[in-house]
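Colleague: Please put the model up, and then I will ask about sheets, a metal site and a cavity.

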Amino acid sequence: SEGGNGDTASEKTTAETGNEETGEEETGQAEKMDISIAGLKGATSIGMVKMMEVAANGEAANNYKFKVAGTADEISAALVKGEIDIAAVPCNLASVLYNKTEGGIMLAGINTLNVLYVIETGMSVSSVEDLKGRTVYSTGKGTTPEYTLNYLLQSNGIDPASDLTIEYKAEATEVASILSSSEDAIAVLPQPYVTTVMMSNDKVRIAIDIQEEWDKISNDGSGIVTGVVVVRKDFLEENQEAVDAFLEEYKDSAAYVNENAGDAAALVEKFEIFKADVTEKAIPLCNITFIGGDEMKEKVSGYLEVLFGQNPNSVGGKMPGDDFYYLKK
Amino acid sequence: MAVEIIDLKKKFEQQTVLEGFSAKFGDNSITCIMGASGAGKTTLLNILLGLMDPDSGTVSGISGKRLSAVFQEDRLCEGLDAIGNIKLVVDKKITRKDIEEEFSKVGLEDYRGKPVSELSGGMKRRIALVRALITDPDIVIMDEPLKGLDAKLKHKATEYIKEKVKNKITIIVTHDKAEAEAFGAEIIMLKKKSSRADESAC
Amino acid sequence: MAVEIIDLKKKFEQQTVLEGFSAKFGDNSITCIMGASGAGKTTLLNILLGLMDPDSGTVSGISGKRLSAVFQEDRLCEGLDAIGNIKLVVDKKITRKDIEEEFSKVGLEDYRGKPVSELSGGMKRRIALVRALITDPDIVIMDEPLKGLDAKLKHKATEYIKEKVKNKITIIVTHDKAEAEAFGAEIIMLKKKSSRADESAC
Amino acid sequence: MMGKLKRDITDNRYKIAAVLFWITVWQVLSMAVGREMLLASPFAVMGALWGLFREAEFWQSVMYSFSRIVLGFFMAIAAGIVLGACSHRSRLVREILAPPMVIIKTTPVASFIIIALIWVHSKNLSVLISFLMVLPVVYSNMLQGIQSTDQKLLEMAKVFRVPRMKKMIYIYIPAVMPYFISACSVGLGFCWKSGIAAEVIGLPSRSIGARLYEAKLYLMTKELFAWTIVIIIISVFFEKTVMRAIHFVERRVKRYGS
Amino acid sequence: MMGKLKRDITDNRYKIAAVLFWITVWQVLSMAVGREMLLASPFAVMGALWGLFREAEFWQSVMYSFSRIVLGFFMAIAAGIVLGACSHRSRLVREILAPPMVIIKTTPVASFIIIALIWVHSKNLSVLISFLMVLPVVYSNMLQGIQSTDQKLLEMAKVFRVPRMKKMIYIYIPAVMPYFISACSVGLGFCWKSGIAAEVIGLPSRSIGARLYEAKLYLMTKELFAWTIVIIIISVFFEKTVMRAIHFVERRVKRYGS
Ligand SMILES: Nc1ncnc2c1ncn2[C@@H]1O[C@H](COP(=O)(O)OP(=O)(O)OP(=O)(O)O)[C@@H](O)[C@H]1O
Ligand SMILES: Nc1ncnc2c1ncn2[C@@H]1O[C@H](COP(=O)(O)OP(=O)(O)OP(=O)(O)O)[C@@H](O)[C@H]1O
Ligand SMILES: [Mg+2]
Ligand SMILES: [Mg+2]
């Protein structure tokens with residue numbers, strides 16, 4: 001019955017598209033369809049800038065309408081409303097949206113792996129062990145950075161509540177101001193704030209790449225997944241081909257960004273995602289990628305499991321089912 | 001049609017102010033109400049003006065009539081000037097010149113467009129007087145209209161009132177017998193209810 | 001020490017209200033000021049009370065003296081009751097009983113602890129009167145103190161005032177020659193400046 | 001006495017009817033929207049609310065936030081009254097205070113948070129923000145209220161040399177009261193709105209703001225609404241208490257002498 | 001005329017002195033803190049400001065944000081007046097409006113942002129938020145103002161059957177004016193504060209909020225301060241204009257009849 005539903009809806013969509021093309025004749029395959037795509041300001045959108053450029057030039061497989069939102073709220077609202085078809089969002093938000101919409105959102109791919117780094121102004125930290133007894137400044141209390149950090153500390157036998165002091169600050173800028181006024185402060189920050197801080201304060205250096213520490217303690221193929229690409233289920237069922245084409249183009253875009261950090265950074269600024277100079281330095285550290293299929297499922301489910309263990313609410317109350325993952329055949 | 005009050009009663013909490021009060025105010029008549037301070041004169045006028053409801057008793061001959069009043073206090077808009085205060089209550093038919101003419105009848109030529117707050121006490125009173133009489137009402141109710149005027153102005157104002165209230169029902173509160181006589185008015189004495197009796201009930 | 005005014009002048013914008021006014025108010029004297037409405041009586045009192053500055057001229061014998069006043073309007077605190085209004089201006093030496101005694105002298109036994117806003121016009125006036133005289137001031141300044149009182153109360157209040165202002169300098173504005181005579185007061189007539197002359201200058 | 005009781009009951013009847021009306025509107029809307037995620041139904045929210053009430057941590061959060069926000073509010077009231085009075089008396093003070101008042105009123109939180117956080121721990125950010133939100137309301141209304149005090153009564157007080165304290169209590173306060181009440185009524189709500197917003201920025205643990213943020217972040221709409229209702233209830237309760245206190249003082253003032 | 005001009009000049013002298021005083025304080029503070037990143041010095045900020053003024057995009061951002069926030073403000077003023085007046089006339093309306101007013105005053109933005117974003121495009125979020133911030137101030141002050149209108153004058157108007165329109169203009173408006181002015185004075189600042197905050201949330205491109213956010217994000221303290229000053233200047237300019245308009249209307253009302 002699902003297929004039947006899809007068919008009727010598909011017809012309707014085609015008709016609508018026809019209308020929007022202001023009376024243009026329906027020409028079957030050659031016709032490009034409109035897809036609304038959204039991303040957040042910040043690291044998770046960097047991977048798609050090349051595609052945005054291509055789309056802006058009208059050279060993409062379909063008509064992509066990109067929107068860079070300021071907050072996840074906006075994307076959540078737009079996805080629920082059906083105004084947006086595809087979005088790049090934080091990993092746990094994808095799971096939350098899946099749960100809250102009763103499966104109305106599907107995961108299509110990973111676009112950003114770890115962006116968290118331990119940075120310091122001194123030279124005293126080189127492993128997680130070294131954090132014992134210290135004061136660490138961080139942001140993102142009650143969000144994935146906290147849970148990730150806690151998991152990492154616990155896995156290394158450190159109790160985040162008693163073996164060290166973690167001071168959560170409201171904003172990355174606040175952490176930056178502490179780093180700038182202290183000789184041996186330690187902080188955990190996500191990219192591209194890490195680079196922002198480093199550019200405004202040359203005493204700051206990266207002490208630990210959290211991904212490396214994660215890999216040391218887990219061998220189940222999981223990993224830190226910061227950003228993912230989600231698709232509205234309705235849309236996906238109606239326009240599977242278009243989504244597949246999109247994902248292919250995304251993959252190319254991510255590869256391009258990694259290879260041409262300079263050009264990509266210029267695009268990032270052009271599309272008002274972040275500033276170019278910071279982005280250029282940050283791109284190699286942002287772990288921009290595109291991973292789909294079973295590898296995606298493995299990584300994401302492992303990571304969500306960790307988050308779920310820390311705070312079930314952070315993945316929407318329960319682990320998403322198998323229908324969460326769009327595994328393209 | 002005459003205004004008639006039958007068996008009016010008004011209490012404020014424990015204090016009886018009016019009780020068993022009846023009176024008739026005929027067409028084309030001027031009636032002066034006199035009585036001690038606190039006797040309930042203002043209360044009576046308020047009831048006639050429809051600003052207060054009596055506890056019991058009936059008032060007939062008021063509804064549908066056009067009323068006007070000089071209140072015990074002037075009740076002028078302090079921010080407006082003399083002309084503005086009159087314009088507030090009249091319709092467009094009455095022009096600025098008409099108003100100025102009325103003013104001159106009570107010796108109010110020199111208001112100078114000042115806001116009322118800068119006028120003297122006697123000037124304000126006369127503005128209130130003109131306001132009550134310029135509108136050509138059916139019933140005119142005035143609480144000590146000549147208060148604060150000097151002898152000459154009192155005379156002038158009395159003449160002005162007598163001229164304007166022809167063919168109306170006019171009720172005036174005054175403390176001055178001579179004033180009542182000057183109006184050629186019938187006099188109703190309002191007795192003050194003994195306050196002692198009430199007080200013991202408290 | 002007597003109060004002396006020499007060559008006082010007061011203008012409001014283009015309008016001259018007082019000009020070349022001189023007067024002397026001797027110790028233990030009652031002086032009544034009379035004059036047409038708008039002549040500048042209230043303005044003069046305001047200057048004596050230090051509420052307005054004259055444009056030129058001198059006033060001597062006021063500074064350091066304790067003043068009190070009955071204003072043309074009552075200027076009572078509407079939210080307070082009669083006693084409260086008196087307590088506001090007296091110090092603790094004067095008890096509630098003292099105040100009630102003064103009230104009874106002007107027939108104000110039945111104020112009943114109501115806020116002033118619920119009292120009658122004549123009651124308010126008498127509260128203002130008591131307020132001015134209970135403080136035992138050196139100089140008493142009153143603007144139509146008997147306004148709105150009936151004949152009986154006027155008499156009562158006149159006696160009260162005469163009793164209280166012994167050995168003080170008393171200045172009273174009134175429109176009633178008989179009243180001035182009842183006070184046994186000296187009379188100063190205030191001439192109204194011609195407003196026509198000024199008006200042409202506007 | 002009986003009359004008052006009766007009136008109180010009718011008063012509450014009206015209020016309850018209004019609240020019921022809006023709950024009905026809410027129910028209808030939530031049915032129309034049809035997505036719990038967007039607009040939770042009243043019943044679901046009541047359930048979540050009930051769940052909260054039974055948590056011990058809930059009461060801790062409420063106490064934590066309440067104490068800080070209310071502190072900011074009272075500091076703002078006190079400062080607003082004092083500064084308003086000083087501004088009225090001295091032109092110099094008024095002019096000196098004008099620029100910072102404009103800044104307080106106008107500057108978005110985003111602008112001064114960096115500076116604010118140098119001096120204020122993020123735990124106390126809600127005190128500061130609630131203070132800064134309420135202060136200009138009180139200050140501005142105080143100034144207008146004092147200015148609108150009856151000049152004639154003030155002249156009277158001058159002639160009779162009414163002591164400053166009495167003048168304050170019996171002439172200024174009655175005149176300023178309606179302005180002050182309006183300022184409180186507005187400020188009482190705003191201090192909650194802004195104080196919680198500050199907590200959402202600073203996320204001190206065990207604060208209402210942190211819980212609210214979590215609920216929003218994870219699209220826990222039921223809980224989000226429940227917490228919002230908690231905030232509203234506390235705010236209404238607090239407003240009632242403060243207003244009652246104000247009216248009590250007002251009545252005391254009026255009863256002077258009797 | 002000459003007198004007025006002179007007074008204006010002295011007035012401005014006071015104001016300029018006050019501003020200079022605070023700039024001095026700022027300079028001293030920034031020297032004491034000693035870190036441009038935390039507290040930029042006045043000179044650095046002036047430089048940044050000058051840089052902004054020469055950008056074409058700057059003026060676009062200002063226009064963009066100005067039009068939206070001001071729209072919200074005027075909508076709130078209009079709604080506040082109408083609702084305040086209706087509430088005064090009808091107890092039913094007052095009671096029905098009480099709960100939503102409490103909600104508007106109290107609910108933190110975080111609570112309703114998701115719902116808001118469903119109905120309102122993030123571009124127009126600043127209109128909504130500035131509206132919601134100003135509305136309760138105007139409403140509450142209107143209600144208090146109308147209630148404090150002189151009953152005796154209203155009785156007079158009733159006896160003389162003064163038409164509703166005239167009663168409004170010459171009795172209600174003068175009484176409500178000081179409350180309204182206070183509400184505007186508070187609301188004018190708040191609409192900027194909250195409108196820009198909404199832009200910082202929604203980040204519509206070419207808005208002041210987005211620029212402010214950017215400045216904060218990249219620790220561009222100079223620019224952050226410069227933008228803040230821009231907001232303050234616009235707000236002051238806007239407040240001046242509105243206040244002048246209000247006083248103009250007020251004077252017109254007073255001059256009736258002459
Ligand atoms: N609103 C009110 N509430 C309570 N008592 C009132 C109210 N209005 C008047 N009274 C009382 O009713 C009595 C009569 O008052 P009223 O004003 O009618 O007197 P009056 O005859 O006009 O006196 P006066 O000549 O002094 O003006 C007074 O004792 C007064 O205190
Ligand atoms: N503050 C003021 N501003 C402008 N003009 C004023 C002011 N006060 C009084 N005047 C004017 O001065 C003149 C005299 O006023 P004043 O109140 O002294 O008269 P008065 O002699 O007391 O009259 P009345 O017997 O009517 O009370 C009037 O024309 C009045 O308009
Ligand atoms: Mg009376
Ligand atoms: Mg006078």
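The questions below take up these topics one by one.

Modeller: This is a predicted model, in which local features need pLDDT of at least 70, side-chain atom pairs count only at pLDDT 80 or more, and totals for chains, interfaces and linings use all residues. Residues are numbered from 1 along each chain as its sequence is written, chains are lettered from A and ligands numbered from 1 in the order in which they are written, and side-chain values use heavy atoms, with hydrogens and water left out.

Colleague: Which strands stand at the edges of the open sheet β2-β1-β4 of chain C?
Modeller: Strands are DSSP runs of E of at least two residues, helices are runs of H or I of at least four, and both are numbered from the N terminus. Two strands pair if DSSP finds at least two bridges between them. In chain C, 3 strands form this open sheet with antiparallel pairing, in the order β2-β1-β4. An edge strand has a single partner, so one side of it is left without a neighbour in the sheet, and this applies to β2 (15-25) and β4 (56-60) of chain C.

Colleague: Which residue in β4(C) stands opposite C:Ile5?
Modeller: Strand β1 (residues 3-12) of chain C pairs with β4(C) in the antiparallel sense over 4 bridges. Opposite C:Ile5 in β4(C) stands C:Val59.

Colleague: What angle does helix α1 of chain C make with β1(C)?
Modeller: Axes are lines fitted to C-alpha atoms, for helices over the stretch in contact, and angles run from 0 to 180 degrees between N-to-C directions. Contact means heavy atoms within 4.5 Å. Helix α1 (residues 41-48) of chain C packs on the sheet and touches β1, β2 and β4 of chain C, and its direction makes with that of β1(C) an angle of about 120 degrees.

Colleague: Which residues are the protein donors of the magnesium ion (ligand 3)?
Modeller: Donors are N, O and S atoms within 2.8 Å of the metal (3.2 Å for Na, K and Ca), and water is not among the atoms, so sites may look incomplete. At 1.8 to 2.2 Å from the ion lie OG1 and OE1, of B:Thr42 and B:Gln72 respectively.

Colleague: Is B:Gln72 buried or exposed?
Modeller: Buried means under 20% relative accessible area, exposed over 50%, and partly exposed in between (1.4 Å probe, protein chains only). B:Thr42 has 25% relative accessibility and therefore counts as partly exposed. B:Gln72 has 11%, so it counts as buried.

Colleague: Which element gives the most to the lining of the second largest cavity?
Modeller: On a 1 Å grid over the protein atoms alone, a cavity is a set of points where a 1.4 Å probe fits but cannot get out, and lining residues have an atom within 4 Å of a point. The second largest cavity has a volume of about 70 Å³, a volume being the space filled by probe spheres set on the points, which are joined across faces, edges and corners. Its lining includes B:Thr42 and B:Gln72. With 3 residues, the element that gives the most is α1(B).

Colleague: How many residues of strand β6 of chain C are buried?
Modeller: β6(C) runs parallel to strand β5 (residues 67-70) of chain C, joined by 4 bridges, and pairs with β7 (residues 169-173) of chain C in the parallel sense over 5 bridges. Strand β6 (residues 139-143) of chain C is largely enclosed by the rest of the structure, because the buried residues number 5 of the 5.

How values were computed:
1 Å grid on protein atoms, 1.4 Å probe; cavity = no way out; pocket = protein on both sides within 12 Å on 5 of 7 lines; lining within 4 Å.
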